[in-house]
Amino acid sequence: MNHLRHLPLLLLIVVSAVSARAVTTPKEHFGFAIGDDYHLATFTQTEAYFKKVAAESDRVVLVDIGPTEEGRRQPMLIVTSPANHAKLERYRQISQRLARAEGLNDAEARALAEEGRAVVWIDGGLHANETVGTHQLIESVYRFASATDAVTQRILDDVIILFTHCNPDGQELISSWYMRRPVPEERFFDLQPRLYHKYVGHDNNRDFFTMAMKESSNINRQLYVDWLPQIVYNHHQSAPPGTIISGPPYRDPFNYVFDPLLVTSIDAIGAAMNNRFHAEGKVGIAQRRGAPFSTWWNGGLRTTPYFHNQIGILTEIVGNPTPMDIPLLPERQIPSGDLPAPVAPQRWHYRQSIDYSVSANYAILDYASRQRDHLLYNIYLMGKASIKRGSRDHWTLYPSRVDAMRKAYEADRRTAPAAAPDASERFAAYNAPGIPPEYFAHLQKPEQRDPRGYILPADQPDFPTAVAFINMLIKGGVAVERATTDFTVNGKTYPSGSYIVRTAQAFRPHILDLFEPQDHPNDFLYEGGPPIAPYDSAGWTPAFLMGVRFDRILDGFEGPFVRLPWGEIQAPPAGRIAGAGRGGFLIPPGPVNTFKLINRALAAGLEVHRFASASGSANALTPGTVFIPAQAGAENLITAAAAELGLAVQAVDQPPSGQRVKVSRPRIALWDVYGGSMPSGWTRWLLEQHGFAFDLVYPGQIDAGALAGRYDVLILPSGAIPLPRALGGPPAPRSSYVLRTPRREDLPEEFHGLLGSFSEEKTVPALRAFTEAGGTIVAVGTSSQLAHHLNLPVKNALVELTPDGREQRLPREKFFVPGSVLRAKVDPSQPAAWGMTADVDIYFDNNPVFRLTPAALVEGVKPIAWFDTPRPLRSGWAWGQAYLDQGILAADLPVGQGTVRLLAPEVTFRAQPYGTFKLLFNTLLRHDPAR
Ligand SMILES: [Zn+2]
């Protein structure tokens, strides 16, 4: 530590100690102490408190980081010593420069690390029903604004803390819901009527590379563009049963694109946290395989930092303002590396959880203070290593390649296998013979080098979606270049305006992750045993799911490229109307944005057509091509929409010949449920974004016949329809976030209309009646199991024959595809798939897969989407994928006058698979023969 640097600070500390006495305590402000039983603060109260503390303390600056989805403002409190505040911009620049690691040599980086301050993100409230998160945030802000002890002072000198509220809307909902009962002992905070994030509830922690939601965009702006903290601590709840809190280190697998220094840095902070807890006598701390959390997946507030060389920390703690009990689990009473100090069963009060959380914050901040220059220098080292890997030939080690190496050796081996080492020997592992070193070349095949960069051509069919993907990279802190003129790389010419993403940059892991397949290891409890489910998805590659066209460039390349400013969002190039025809406008069906234009035109009362087929036409059109005849208001609307949406419109004198249909807006109902459904919420957001009008309907309303005559289309998102009881389905399905069945007497009357749940006795007949009368049901994801309830002519394709000739579902040991990207075939000549290409990447999470029965063939049912290969895996993990071959994913099945459209994959999953949105959107337009 530099003593000279601290001399002037001592004077300032005296000043701040004086002002610290003026900081209002939480009890003075809220009327109760944080952690008091039966008391929660609302966001309105919390926001007022943050403003008060910021006004009272010279250690605190309150920053508005952006709007929430419900229109509140999201606060971040920058807390550090007054002396650091005076040089805050300088410290922010140092943090940025070291994280990006560009234009620095080691000596310069060391000097910056010595001068700089560690930057640590500590948040709360992301998952609003995990109420410890917001309340420890309030308590911690107060402590660091007011405490005058030596440790706090030292932390404030060395560290810039970004205390951030992650979900203001959710805190307002949950706390108001809990506190609405005047008698404290009668308060409860479950059974809330809707999701604690307007659209996505708990999935607000699944949005951190997509950033569809405003809060994730606000947060990522701070994390990856503005501040680039070295540590990101994301608070959650609850701990695994029989423990108090779980945290770092985390279990394997970690992701193969990480820098090893990142992985061991997580370990180091884990050790610091565990040590502090144990030194304070705080027990029940679980880590590694003591909890389900791995570091494999990208997309969470804690995990996306890993792909930016930032140390992401997640803890999950018990706690409830209503006192609770810590249960006795025999297996959690044996001390182990996963749980060094077991906790005895006991009554547990909210304040204890606040104390644990504040200790966790102190552990991390004390570590950051003591390791300040190391943290700053190490993020530079990781960034530097990334730049180096992206500047020369480099091979990421993937399990499938190691497998291929092993198989190559086994295929070459002519002699009998070497005797296996005696497993009974204590040091058997040390006697492993290995394979000849020349096989290492299998891990470094020239064609398997990591790309030096990616080119996204500007002339691809859906460039606006490619730009949306580029914006995900830019908002994620990645440097992107754009070509200023046409150029040629590897003999291929690309147009001006194409985007280039080089991997020689600090956040290379994030780039590889968004473009390349995730190669998840085969992870089993034991050889031949059941698979261990990943913490979240196994594969997600957004470039695949969005249908982006790009080229992987394996060698260094140059061109007329300019680098875009950090964080500068791109708009698609303004589309325009080509040609001077006066008969109408042709719009291609490929871009997802075309649906926005269609909906704007229909909302304005314009007549809109689509070409069902153009066979025989001289200038063949893609089925689904939009034609808007010349009419009053059309040109203005189309000109504006094409410009904004980046659509290429052609003005023609005469529409091409071919069969046309007239497009209109059906009356759409979207299923939801009391407490809220995340798949429904994501769908709701997508429909709003693309201009579809709809109503929400709830199970009780469906059962009561609310659909009849009022809607034309009902969307059943994943989770609406369980497997039939006869096929092993659950007895009483309900929202995964409403753990008790809501009773009318517990709820305000305004919510009674939302109650009800699916039942085979009432819901199935109501759905059947709706379709028989001419309605369309689009059954998405797991809700495609509706086919079994309605006895439609399909069967489960994922079965095997028992020795006695019966069909049974494939067991997990044989078939397991947890959240992965698979390749499917579609038939773009069918209206459901208009505008799609014949090959599409889908998101599949152990979803239903069907085969048609002979009855379906008799009825002329044609599949819309299906698997046509025994190896459809593109990204993730697909154990037993050969069973998928020829399985049907989408089909229209007639029921009376109506139709059930099965869309078995997760076609709208977390707003990510742009490539399959059309399967839903096409269903939400009505196509009648044009007259
Ligand atoms: Zn959580």
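The following exercises, with worked solutions, concern a zinc site and a mixed sheet in a predicted model.

**Exercise 1.** Identify the protein donors of the zinc ion and classify the geometry of the site.

*Solution.*
Step 1. The donor atoms come from H127 (ND1), from E130 (OE), which is listed twice, and from H236 (ND1). They lie 2.0 to 2.2 Å from the zinc ion.
Step 2. Along the chain, these donors follow the spacing H-x2-E-x105-H.
Step 3. The angles among the 4 donor atoms are 58 to 152°. Four donors count as tetrahedral if all angles lie between 85 and 135 degrees. The site of the zinc ion is therefore irregular, given its angles of 58 to 152°.

**Exercise 2.** Determine whether H127 and E130 are buried or exposed.

*Solution.*
Step 1. The cut-off for a buried residue is under 20% relative accessible area.
Step 2. H127 has 2% relative accessibility, so H127 counts as buried.
Step 3. E130 has a relative accessible area of 10% and is therefore buried.

**Exercise 3.** Describe the sheet that contains β20, and place helix α18 with respect to its strands.

*Solution.*
Step 1. The sheet is open and comprises 7 strands with mixed pairing, in the order β19-β23-β20-β22-β21-β24-β39.
Step 2. Its edge strands, β19 (577-578) and β39 (926-929), each pair on one side only.
Step 3. Within the sheet, β20 (residues 584-587) is antiparallel to β22 (residues 626-629), the two being joined over 4 bridges. In this pair, G584 stands opposite P629 of β22.
Step 4. Helix α18 (residues 594-603) lies across β20, β21 (608-613), β22 and β24 (659-664). Its direction makes an angle of about 135° to β21.

Definitions and conventions: Residues are numbered from 1 along each chain as its sequence is written. This is a predicted model: local features need pLDDT of at least 70, side-chain atom pairs count only at pLDDT 80 or more; totals for chains, interfaces and linings use all residues. Side-chain values use heavy atoms; hydrogens and water are left out. Two strands pair if DSSP finds at least two bridges between them. Contact means heavy atoms within 4.5 Å. Axes are lines fitted to C-alpha atoms, for helices over the stretch in contact, and angles run from 0 to 180 degrees between N-to-C directions. Donors are N, O and S atoms within 2.8 Å of the metal (3.2 Å for Na, K and Ca); water is not among the atoms, so sites may look incomplete. Four donors count as tetrahedral if all angles lie between 85 and 135 degrees; four count as square planar and six as octahedral if opposite donors are over 155 degrees apart and all others between 65 and 115; anything else is irregular. Buried means under 20% relative accessible area, exposed over 50%, partly exposed in between (1.4 Å probe, protein chains only).
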